[in-house]
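Please examine the sequence and the model shown below. The paragraphs that follow lead through selected parts of the fold in turn.

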Amino acid sequence: MAVILGIESSCDETSASICINGEIKSNIIATQAIHAKYGGVVPELASRAHQQNIIPTVDQAIQQAKITKNDVDAVAFTRGPGLLGSLLVGTSFAKSFALARNIPLIDINHMQAHILAHFIDDPKPNFPFLCLTVSGGHTQIVLVKDYFDMELIGQTLDDAAGEAFDKTAKILNLPYPGGPLIDKYAKDGNPNAYKLPEPQIADLNFSFSGLKTAILYLVQAEVKKNPNFLDEHMHDLCASVQDRIVTILLNKLKKAAKQTGVRDIAIAGGVSANSGLRKSLLEMGDNYNWRVFIPKFEYCTDNAAMIAIAGYHKFLKGEFVDQEVAPLARIPM
Ligand code: KG4
Ligand code: ZN
């Protein structure tokens, strides 16, 4: 038996999960509503909210899995990358839990965990596979050779894909986080209504800052002519923005698949919840004969189930850390 408690606190979600022998039994997520009125995550408020949420969230995860604290064999926690103050709460909690119960402690890289979420449910990808990891802080194409052997082959040079969604949403006067709202409004919009630029970058890297500027100039010029422009054209604007972000992402993924010859293709991270991206990836998969892997919605955005499953695979390898471990705001892949 291996009962793993997973803890995630890298940004603005406090989450706890129980994984028993590789099966997720609970995945509790406490979302922090406080940041919406500031238009983005406020680090100090995030760490305070983690402190309030961590104990009830872990209690609930243990209860829902129908076990007790005494049954937990190891604690896995997000060590980074993320906001240092937020990471500190999860790390300190995990360390004290492991110390008090005298059980092993397992450190997890948040970006690897997003990818390892593909090992929660069947069908699972075969190694090596490619994963496009797209979140609020990262945009990466990763060649996944084994559970903890991952090579970064492409990344963003400026904004992350999630940031591109959230920053353009802000220009469109939508509240934070704007990604899910752009997705919602895009559903009844025309993706070809506005022509937006595709950056010309030769390798597998991404850039989204030009897109943001293009939308800003477009909106400023149109609102000058018609003050109701945003309200009248919201759906078309969202559809055009989303379509451009999705094509930028998928064109690079196509290129990576061609270069590596890999045909098991996965997406991960908060932006993989985007319905336009999911739909276009499935179509591309059909065209190129890929096996496409898309996580369930609850395993796309930040969650502790991905930490617990990653912890389970480290537990099998016997890879533990001691009480000296500290969180890191940045960790390489
Ligand atoms: O992975 P995640 O939950 O947190 C980070 O580690 O960053 O990703 C959050 C990002 C935010 O930028 C949010 O706007 C974006 O994922 N996101 C979406 C959607 N759902 C979440 N973007 C576009 N469409 C969505 N449906
Ligand atoms: Zn994340």
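In this predicted model, strand 6 (residues 129-134) and strand 9 (residues 264-268) run parallel and are joined by four bridges. Two positions help to locate this pairing by eye: Cys131 stands opposite Ala266 in strand 9, and Thr133 stands opposite Ala268 in strand 9. Strand 6 also pairs with strand 7 (residues 139-146), in this case antiparallel and through six bridges. Here Leu130 is the residue that stands opposite Leu143 in strand 7. The connection between strand 6 and strand 7 is a hairpin of four residues.

How many residues of strand 6 are buried? Six of its six residues are, and the strand is thus described as mostly covered. In a regular strand, side chains alternate between the two faces of the sheet. Strand 6 can be read in this way: Phe129, Cys131 and Thr133 point one way, Leu130, Leu132 and Val134 point the other way, and all are buried.

These pairings belong to an open sheet of five strands, arranged in the order 8-7-6-9-10 with mixed pairing. Strand 8 (149-155) and strand 10 occupy the edges and have a single partner strand each, so one side of each is left without a neighbour in the sheet. From one strand to the next, the twist averages 25°. Helix 8 packs on this sheet and touches strand 6, strand 9 and strand 10. The direction of helix 8 makes about 175° with that of strand 9.

Helix 8 (275-288) also leads to another part of the structure, as it is among the elements that cover the buried residues of helix 5. Helix 4 (161-171) and helix 7 (229-260) are included in that cover as well. Which residues of helix 5 (residues 179-186) are buried? They are Gly179, Ile182, Asp183 and Ala186. Viewed down the axis of helix 5, these buried residues fall within an arc of 100°, so they line one face of the helix. The face turned away from the buried side of helix 5 carries Pro180 and Lys184, which are exposed.

The loop between helix 4 and helix 5 holds two backbone features. Tyr176 and Pro177 are joined by a cis peptide bond, with omega about -10°, and Pro177 lies in this loop. Asn173 is found in the loop between helix 4 and helix 5 too. Its phi is near 65°, a positive value in a residue other than glycine. Asn173 is exposed, with a relative accessible area of 64%.

Comparable entries occur elsewhere in the chain. The peptide bond from Asp122 to Pro123 is cis, with omega near -5°, and Pro123 lies in the loop between helix 3 and strand 6. Asn21, although not a glycine, has a positive phi of about 50°. Asn21 is situated in the loop between strand 2 (13-20) and strand 3 (23-31). With a relative accessibility of 41%, Asn21 counts as partly exposed.

The metal site remains to be considered. Which residues coordinate the zinc ion (ligand 2)? They are His110 through NE2, His114 through NE2 and Asp302 through OD, at 2.0 to 2.2 Å. Along the chain, the donors follow the spacing H-x3-H-x187-D. His114 lies in helix 3 (residues 110-116), whereas Asp302 lies in the loop between strand 10 (291-293) and helix 9 (305-317), so the pair ties together parts that are 188 residues apart in sequence. Both His114 and Asp302 are buried.

The geometry of the site completes the description. For four tetrahedral donors, the ideal angle at a metal is 109.5 degrees. The zinc ion (ligand 2) has four donor atoms, with angles of 91 to 153° among them, and its site is irregular. The tetrahedral class requires all angles to lie between 85 and 135 degrees, and the upper value of 153° at the zinc ion (ligand 2) is outside that range.

Key: Residues numbered from 1 in each chain as written. Chains lettered and ligands numbered in written order. Predicted model: local features only at pLDDT ≥ 70, side-chain atom pairs only at ≥ 80, totals over all residues. Heavy atoms only, no water. Donors = N, O, S within 2.8 Å, 3.2 Å for Na, K, Ca; no water. Tetrahedral: all angles 85-135°; square planar, octahedral: opposite > 155°, others 65-115°. Buried < 20%, exposed > 50% of the residue type's maximum accessible area, 1.4 Å probe, protein only. Arc of directions from axis to C-beta. Contact = heavy atoms within 4.5 Å. Pairing = 2+ DSSP bridges. Axes fitted to C-alpha atoms, helices over the stretch in contact; angles between N-to-C directions.
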